[in-house]
Amino acid sequence: ALSEVVAVPELGRFALMLGDEVWLPEVSRCLAIEGVEMVLHPADWDTAVAGEMAATERAGENRFHLVSVTRLDSPGKLGSQTTLAGEYIGGEPIPLMRY
């Protein structure tokens, strides 16, 4: 089921995207259409590609911020990360911060 978009005064509009939903462009697109500004994403990276490609693609395609939080011993060997979405010029990398 699709997460509800919740408006938090002074912070913005939030929603959840769980685990492997980051691989499904339709989920993030539906959230973007609902007006989400930041997606909170509890994740368990099974591969490095999930965080390096799928997460940044979803944030860039739909222009929302994505905060992915994972455990330290995830199989993909990636930690938690924040992907910031904004106005991009062609070929510009998407800002990504890892923790």
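**A walk along helix α2**

Begin by selecting α2, whose buried residues (buried meaning under 20% relative accessible area, exposed over 50% and partly exposed in between, with a 1.4 Å probe and protein chains only) are Ala50, Gly51, Ala54, Ala55, Thr56, Arg58, Ala59, Gly60 and Asn62. What you have open is a predicted model, in which local features need pLDDT of at least 70 and side-chain atom pairs count only at pLDDT 80 or more, while totals for chains, interfaces and linings use all residues. Residues are numbered from 1 along each chain as its sequence is written, and side-chain values use heavy atoms, with hydrogens and water left out.

Helices here are DSSP runs of H or I with at least four residues, and strands are runs of E with at least two, numbered from the N terminus.

Stay on α2 and select Arg58 with Glu61, which form a salt bridge (a side-chain nitrogen of Lys or Arg within 4 Å of a carboxyl oxygen of Asp or Glu) whose closest N and O atoms are 3.0 Å apart. Because Arg58 and Glu61 are three residues apart in helix α2, about one helical turn separates them. Arg58 counts as buried at 8% relative accessibility, whereas Glu61, at 41%, counts as partly exposed.

Next, select Arg63, just after α2, and find a positive phi of about 55 degrees.

Now select Asp44 and Arg71, a salt bridge with its closest N and O atoms 3.1 Å apart. This pair links distant parts of the chain, 27 residues apart. Finally add Asp73, which forms a salt bridge with Arg71 at 2.6 Å between the closest N and O atoms; shared partners join Asp44, Arg71 and Asp73 into one network.
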